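Colleague: Could you take me through one part of this model slowly, setting it against the rest of the chain and the charged pairs around it?

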Amino acid sequence: MRLTTLLATGLGTAVAAAVGSFASRSALQSWYPKLNKPSYVPPDLAFPIVWTALYADIAVTSAISIDDLSEHDAAEAKKYIAALGTNLALNAGWSWLFFGAHRLGASAITALALTASSADLARRTAKVSPAAGAALAPYPLWCGFATKLSTDVWRLNRAQR
């Protein structure tokens, strides 16, 4: 893995994280605590821990994949980069829809799209490196959980909208 590729994927994930964090900051203090939430919501501290680990995972596994594909199949490398960009845009977009715009239905649908995108990214990664693909497997699993959680928060709060 080349350092320049890791820096690029690291920057991409850091931007997605920062954009999402910016959208979330004030709502986490004021709006989010007032929502009805299902009993299985993890403690607030779990989210930054899990997302930090996942963003690092995405950056490293994507750098491995992009470097390998760039050496063997430039067209597939471009497709991977496009899939990664789409995934990170969906990732940041969810935060804006949920926390920024308070659009619970739209954020649940976006979470579903993010889950599909994350599964596709893990599949693409596994094609290049089975070990990297296995390392990325928690990402679509977490996004699937987030989809369930987003959908249930939407369901529990529809009457308030």
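What follows is a close look at the opening helix, and then at the salt bridges.

Colleague: Please take helix H1, residues 3-29, as the part to examine: which of its residues are buried, and what covers them?

Modeller: The model is a predicted one, and every value below is computed from it. As a setting for H1, the protein chain has six helices and zero strands, so that, read from the N terminus, its elements run α-α-α-α-α-α. With a radius of gyration of 16 Å, close to the 15 Å that the globule rule gives for 161 residues, the chain is as compact as a globular protein of that length. The C-alpha trace spans about 55 × 25 × 25 Å along its principal axes, and 41% of the 161 residues count as buried. Among contacts between residues at least 6 apart in sequence, 79% join residues at least 24 apart.

Turning to H1 itself, the helix holds 27 residues, which at 1.5 Å a residue should span 39 Å, and the 38 Å between its end C-alpha atoms agrees with that expectation. H1 nevertheless bends, by about 30°, at Ala-23. Ala-23 is also one of the buried residues of this helix, a list that holds Thr-5, Thr-9, Thr-13, Ala-16, Gly-20, Ser-24 and Ala-27 as well. In general, residues three or four places apart in an α-helix point the same way, because there are 3.6 residues a turn. As for what lies over the buried residues of H1, the cover includes helix H2 (46-72) and helix H3 (74-100).

The segment before H1 adds a charged link to H2. Arg-2 forms a salt bridge with Asp-67, the closest N and O atoms being 3.1 Å apart. Since Arg-2 lies in the segment before H1 and Asp-67 in helix H2, the pair ties together parts that are 65 residues apart in sequence. The two partners differ in their surroundings: Asp-67 counts as buried, at 5% relative accessibility, whereas Arg-2 is partly exposed, with a relative accessible area of 41%.

That pair belongs to a wider set, for a search of the whole structure finds six salt bridges. In helix H3, which is part of the cover over H1, the side chains of Lys-79 and Glu-76 meet in a salt bridge at 3.3 Å, N to O. Lys-79 and Glu-76 both lie in H3, three residues apart, or about one turn of the helix, and both partners count as partly exposed, Lys-79 at 46% relative accessibility and Glu-76 at 26%.

Helix H6 (residues 138-157) offers a further pair within one helix, as Lys-148 and Asp-152 both lie there, four residues apart, about one turn of the helix. Their side chains meet in a salt bridge of 2.8 Å, N to O; here Lys-148 is partly exposed, with a relative accessible area of 45%, while Asp-152 counts as buried at 7%. Asp-120, Arg-123 and Arg-124, finally, are linked in a network of salt bridges. As to the outside of the molecule, the protein chain exposes about 8400 Å², of which carbon and sulfur atoms supply 68%.

Conventions
Residues are numbered from 1 along each chain as its sequence is written. This is a predicted model: local features need pLDDT of at least 70, side-chain atom pairs count only at pLDDT 80 or more; totals for chains, interfaces and linings use all residues. Side-chain values use heavy atoms; hydrogens and water are left out. Helices (H or I, at least four residues) and strands (E, at least two) are DSSP runs, numbered from the N terminus. The expected span of a helix is 1.5 Å times one less than its number of residues. The bend at a residue is the angle between axes fitted to the seven residues ending there and the seven starting there. Buried means under 20% relative accessible area, exposed over 50%, partly exposed in between (1.4 Å probe, protein chains only). Contact means heavy atoms within 4.5 Å. A salt bridge is a side-chain nitrogen of Lys or Arg within 4 Å of a carboxyl oxygen of Asp or Glu. The radius of gyration is taken over C-alpha atoms; the globule rule is 2.2 Å times the number of residues to the power 0.38. Accessible areas come from the Shrake-Rupley method with a 1.4 Å probe; for residues, only the protein chains shown count as cover.
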